[in-house]
Amino acid sequence: MKIGLIGTGLMGQPMTLRLKQSGFDVAAYNRTRSKLEPLEKEGVQIVDSVTNLIQQCDCVILMVTNAEAIANIILTDDVKQRLKECTILQMSTISPQQSRTIRDEVLAVGGEYVEAPVLGSIPQVKEGSLQIMVGSTPEQFRQLQPVLECLSSEPIHMGEVGTAAATKLAMNQLIGSLTTAFSLSLGLVQQEGIDVEKFMSILRQSALYAPTFDKKLQRMVNLNFENPNFPTQHLLKDMLLFAHTAEQRGMDASLVQSVAKVAQKAIDCGLATQDYSALYVAVNSVYSDPSARKNKAK
Ligand SMILES: NC(=O)c1ccc[n+]([C@@H]2O[C@H](COP(=O)([O-])OP(=O)(O)OC[C@H]3O[C@@H](n4cnc5c(N)ncnc54)[C@H](OP(=O)(O)O)[C@@H]3O)[C@@H](O)[C@H]2O)c1
């Protein structure tokens, strides 16, 4: 089976490399050519257009920003004509409704569509320990298992298309809400002059503790959001997708709307492409000014 990969950003690049190093026949395409250079050096076949990639591959993985990017890439008339003999393995984070709409368009031209969003980031891609949630028919899941198992020790078949996308948004809602909640508590503790380690030792012993708190603690304390695995702008996208999806189901999504506002504020502070733990800056306004952050970091 020849695998194509479209979107060689933060996640797509190591995914392509892992598939290649695991012995898959892999080709890649990216809108910005320069991001393909490291892959070319590793012997990945580089293809100059989406149509060429789709023509050559049995399965094409999409790892791009959002549903709009997916539509621009595969739902043009030119590309749609060539989807007949190809399975689209959509791994970006999009909403269940967006996923079902794209599936319908792909099916209408005789192609196959599987959604497989992932939990985990660059380190998990490199060690093949992503958590992959799959929305597909049982038969599609079985056929794609070798590819999925290269990236995850235990890909999980959730159900039909839409179920995996919804599960992924449910997980990311927790990322945004927990990070905002922790940023607030940590900020208050610091403002009151309390020893952060004492606070953490109580938190760690309590039922309220989540491992993500320790994962992000040093970044927040040091105001260091450089070299992100998952940037603030993607978290905002996911909070808005969750809120929209929940509201369509008649739920009260005001909590997530507030988290989205916090993420937008972090972006307004110039932290769009920095690690999402930059939400800390948005709730601790004392650091919204870059010079205040610089002084604190010294
Ligand atoms: N980073 C993580 O830790 C992580 C974890 C789980 C899930 N995800 C999800 O995975 C997806 C990719 O994330 P990432 O972190 O790899 O993002 P990224 O580094 O920002 O890369 C985005 C990719 O999408 C491409 N793209 C965007 N708009 C496009 C368009 N209109 N036409 C063609 N290509 C377009 C970009 O191409 P250019 O290079 O030309 O801009 C780039 O290859 C997102 O949905 C994200 O939410 C990310």
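The exercises below examine a predicted model and give worked solutions. Residues are numbered from 1 along each chain as its sequence is written. In this predicted model, local features need pLDDT of at least 70 and side-chain atom pairs count only at pLDDT 80 or more, while totals for chains, interfaces and linings use all residues.

**Exercise 1. The two domains**

Task: Describe how the chain is divided and which residues form the side of domain 1 that touches domain 2.

Solution.
1. Domain 1 spans 2-160 and domain 2 spans 165-297; these bounds come from an automatic or database domain assignment.
2. The C-alpha centres of domain 1 and domain 2 are 29 Å apart.
3. Domain 1 supplies 16 residues to the contact and domain 2 supplies 14 residues, two residues being in contact if their C-beta atoms, placed from the backbone, lie within 7 Å.
4. On the side of domain 1 that touches domain 2, the elements giving two or more residues are helix H6 (96-108) and strand E8 (131-135). Helices (H or I, at least four residues) and strands (E, at least two) are DSSP runs, numbered from the N terminus.
5. H6 gives the most to this side, with three residues.
6. By class, this side of domain 1 has eight nonpolar, seven polar and one charged residues. Ala, Val, Leu, Ile, Met, Phe, Trp, Tyr, Cys and Pro count as nonpolar, Asp, Glu, Lys and Arg as charged, and the others, Gly among them, as polar.

**Exercise 2. The ligand shell**

Task: State why the ligand shell lies between the domains, and give the make-up of the shell.

Solution.
1. The ligand is surrounded by 24 residues, of which the closest are Gly9, Arg31, Thr32, Ala69 and Ser121; a residue is near a molecule if its C-beta atom, placed from the backbone, lies within 6 Å of it.
2. Helix H4 (residues 67-74) gives the most to the shell, with three residues.
3. The shell divides into eight nonpolar, 14 polar and two charged residues.
4. Because domain 1 and domain 2 both give residues to the shell, it lies between them.

**Exercise 3. Helix H1**

Task: Determine how helix H1 (residues 12-21) is placed in the structure.

Solution.
1. The buried residues of H1 are Gly12, Gln13, Met15, Thr16, Leu17, Leu19 and Lys20. A residue is buried if 20 or more other C-beta atoms lie within 10 Å of its own, exposed if 12 or fewer, and partly exposed in between, with C-beta atoms placed from the backbone.
2. Seven of the ten residues of H1 are thus buried, so H1 is largely enclosed by the rest of the structure.
3. The elements against which these buried residues pack include strand E1 (2-6), strand E2 (25-29) and helix H8 (138-151).
4. Just after H1, Gly23 has a positive phi of about 100°.

**Exercise 4. Positive phi between H11 and H12**

Task: Identify residues other than glycine with positive phi in the loop between H11 and H12, and classify their exposure.

Solution.
1. Most residues other than glycine have a negative phi.
2. Leu223 has a positive phi near 50° and belongs to the loop between helix H11 (211-222) and helix H12 (232-248).
3. Leu223 counts as partly exposed because 19 C-beta neighbours are inside 10 Å.
4. Asn227, in the loop between H11 and H12, has a positive phi of about 45°.
5. Asn227 is exposed, since 8 other C-beta atoms are within 10 Å.
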